[in-house]
Amino acid sequence: MFRRIAPLFAVLLVLAGCATRPSEDSTAPPEAEGVFPVTVAAPGAPAVTLDRQPQRIVSLSPSATETLFALGAGPQVVAVDSASNFPEQAPRTQLSGLSPDPEAIAAYRPDLVVVYADTTGLADALARTGTKTLVMPDAKTLDDAYAQFEVLGKATGHQAEGESLARQTRDDIDKIVADTPKRSLTYYWELDQTFYSVTSATFAGQVLTRFGLTNIADGADPTASGGYPQLSAERILQSNPDLIFLADSKCCGQNAQTVAARPGWNTLTAVQRGQVIALDDDIASRWSPRIVELVRTVADAVARTGA
Amino acid sequence: MPDTRTRLRAPVLVAGLVVLVAVLLFAVLVGASDLGWQRVLAEIWAQLTGGQSPLSAREAAIVWQLRVPRVLLAGIVGAALAVSGATFQGVFRNPLADPYLLGAAAGAGMAATLVVVFAPAVSGWVVGPLPLAAFAGALGGVGLSWLVGRSAGGSTSTLLLAGVAVASFLTAIQTFAQQLNTETIRQVYTWMLGGLNVSGWREVLIAVPYVALAAVVLCLSARLLDVLALGDAEAASLGLRPGRIRLVVLAAASLATAAAVSVSGLIGFVGIVVPHVVRMLAGASYRVVIPLSLVGGAAFLVLADQLARTVMPGELPLGVVTAFTGAPFFAWILRSSRRRFS
């Protein structure tokens with residue numbers, strides 16, 4: 001559905017936004033192949049210049065994989081890393097995004113490699129094989145995520161789709177947030193069973209901040225511990241959050257029942273009123289277009305929760 | 001030669017116990033959540049006398065279901081690691097020996113990793129799979145070291161070398177399993193740093209029987225350890241069988257270590273530092289070192305855990321706290337007593 005209307009969007013967008021670049025509406029074909037060479041950079045990452053539209057993309061970032069397929073660049077993707085489990089048709093391999101192996105990547109003869117961090121000199125190694133590396137660092141805000149959609153669109157020759165995907169996602173999220181009643185609620189976001197959490201300074205925390213929720217992990221300084229502090233059970237109990245979000249349901253089998261069975265947790269308001277929400281770990285930890293699903297889940301939980 | 005003339009005098013033990021009780025009480029009164037120590041004290045009094053509780057149900061749960069079991073568990077783990085350390089040092093006549101020697105830590109780490117990697121979503125067990133696996137792994141590691149060491153002659157030095165080899169091998173398996181599933185690395189890593197933040201009464205009940213059994217066996221064997229410290233030939237000349245004594249006390253110490261590891265992860269330095277301090281303060285006889293290590297280890301780890309849960313807004317890994325406080329202290333001990341160890 002989306003893919004069918006995407007070209008339409010493209011034309012509309014080009015018509016609407018062509019004032020600064022009037023040459024585009026005459027050159028842009030229906031597939032919106034974009035203009036190459038093009039120089040792109042995700043927020044907080046080095047710029048990369050691509051001479052022509054990449055045809056063999058290797059994605060080593062689950063978030064980037066989801067975005068590439070969402071904006072119609074899926075057919076150009078030849079390999080994705082072992083953690084990229086969405087969408088279904090993504091060509092999963094044993095490649096690792098955590099410790100990328102240039103030789104294993106080169107075997108797929110890519111002309112563009114997308115990673116979420118280059119801590120091992122991957123870009124330099126791949127440059128020697130003539131391959132460009134695009135770094136898509138962890139999005140810190142929703143705006144970062146939208147910007148990455150546009151960057152990936154531009155880099156793959158789907159500029160218009162990238163822009164419309166960013167706009168659509170932004171509009172969807174803004175609408176969901178606007179339609180959700182504002183309540184002063186507190187929440188606890190669980191990353192694992194040892195009570196690692198996120199503060200408002202993280203991407204997930206920023207999403208929930210949009211709803212006006214208060215994070216119990218925010219101490220005097222939400223950026224402390226890199227935004228990922230380990231809380232004590234005592235502190236969680238004393239904070240008595242109205243909502244509990246479990247980002248460790250798939251990985252670690254956590255759900256409302258297992259949470260209620262923890263020592264003392266049955267005294268929590270969220271447990272007693274059924275406001276423990278088991279999230280899809282993947283959706284909860286990626287800055288892909290599926291962030292809308294997370295926002296919707298949070299909105300439902302907020303709406304259900306009595307004031 | 002250790003000084004075996006010292007006897008455990010009752011006042012020393014009583015003083016140790018008084019300190020331990022004071023530390024336990026302090027740890028229960030002051031915690032990560034700010035309940036007010038007077039109110040917690042009033043709550044304890046109310047529970048003892050059947051009076052009116054000053055706390056809400058949730059606050060009471062914080063005290064009785066989280067804080068009290070955690071403090072007790074810290075004491076049990078500290079006692080287990082310290083007494084195991086004292087035992088290992090005695091058996092191997094090596095002041096640097098620690099409870100994780102002979103592949104206990106490596107076995108526990110390997111088994112815990114295998115569980116996290118291959119059975120990640122196992123839940124609803126009576127006992128969590130992670131402590132169970134760590135316990136089995138620790139015992140397995142020690143058992144394997146024992147078998148390898150014995151087949152190579154069975155002396156203390158071959159046993160130590162066998163432990164090194166077994167530990168390296170088990171660690172390699174662990175690393176390999178982690179590479180198969182990089183997503184689980186943090187879960188294992190958190191466990192390896194050691195901590196008691198998710199502990200409750202269940203963990204206390206898991207650990208108590210093994211540690212209690214080991215403590216009784218080791219206290220009863222203290223005299224034998226004193227004889228063993230003189231040397232195998234001397235022990236044999238007194239009609240004892242060094243090999244058998246070693247097997248019994250090492251088994252008891254390993255059991256206590258495995259129980260501690262299974263509920264708390266890897267917490268270093270308790271087993272080295274505490275027995276050394278005890279020796280400095282009260283003499284080197286195992287009839288002194290064993291019981292005082294139990295008491296001192298408990299007090300030390302309760303205090304260390306107190307730091308771990310209150311010094312920062314979040315939790316600090318307990319293993320980091322013990323290393324922070326224990327390692328410099330240990331270096332200082334080494335320096336100030338180098339003549340004894342050289």
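The following conversation concerns a predicted model and the contact between its chains A and B.

Biologist: What average pLDDT does chain A have?
Modeller: Chain A averages a pLDDT of 87, and 88% of the residues score at least 70. Over residues 1–5 of chain A, however, the pLDDT is below 50. This stretch has 4 contacts in the model beyond near neighbours in sequence.

Biologist: Which other residues of chain A stay under 50?
Modeller: Residues 7–32 of chain A do, and the model has 22 contacts for them beyond four places in sequence. Where pLDDT is low, the predicted coordinates should not be read in detail.

Biologist: Turning to the interface, how many residues does each chain contribute to the contact?
Modeller: Chain A gives 25 residues and chain B gives 27 residues.

Biologist: And what area do the two chains bury between them?
Modeller: Chain A and chain B bury about 2300 Å², with 54% of it on carbon and sulfur atoms. Of the area that chain A buries against chain B, 27% is supplied by Gln230(A), Glu234(A) and Gln238(A), more than any other three residues.

Biologist: What does the side chain of Glu234(A) meet in a salt bridge?
Modeller: Its partner is the side chain of Arg309(B), at 3.7 Å from N to O. The count between chain A and chain B is 2 salt bridges. Across this interface there are also 7 residue pairs in polar contact.

Biologist: Which element gives the largest share of the side of chain A that touches chain B?
Modeller: H9(A) does, with 5 residues.

Biologist: How do the residues on that side divide?
Modeller: The side of chain A that touches chain B has 12 nonpolar, 10 polar and 3 charged residues.

Conventions. Residues are numbered from 1 along each chain as its sequence is written. Chains are lettered from A and ligands numbered from 1 in the order in which they are written. This is a predicted model: local features need pLDDT of at least 70, side-chain atom pairs count only at pLDDT 80 or more; totals for chains, interfaces and linings use all residues. Side-chain values use heavy atoms; hydrogens and water are left out. pLDDT is the predictor's confidence in each residue, from 0 to 100. Contact means heavy atoms within 4.5 Å. Buried area is the accessible area (1.4 Å probe) that two parts lose on being put together, summed over both. A salt bridge is a side-chain nitrogen of Lys or Arg within 4 Å of a carboxyl oxygen of Asp or Glu. A polar contact is a pair of N or O atoms within 3.5 Å; within protein, one must be able to donate a hydrogen and the other to accept it, and residues adjacent in sequence count only if both atoms are side-chain atoms. Helices (H or I, at least four residues) and strands (E, at least two) are DSSP runs, numbered from the N terminus. Ala, Val, Leu, Ile, Met, Phe, Trp, Tyr, Cys and Pro count as nonpolar, Asp, Glu, Lys and Arg as charged, and the others, Gly among them, as polar.
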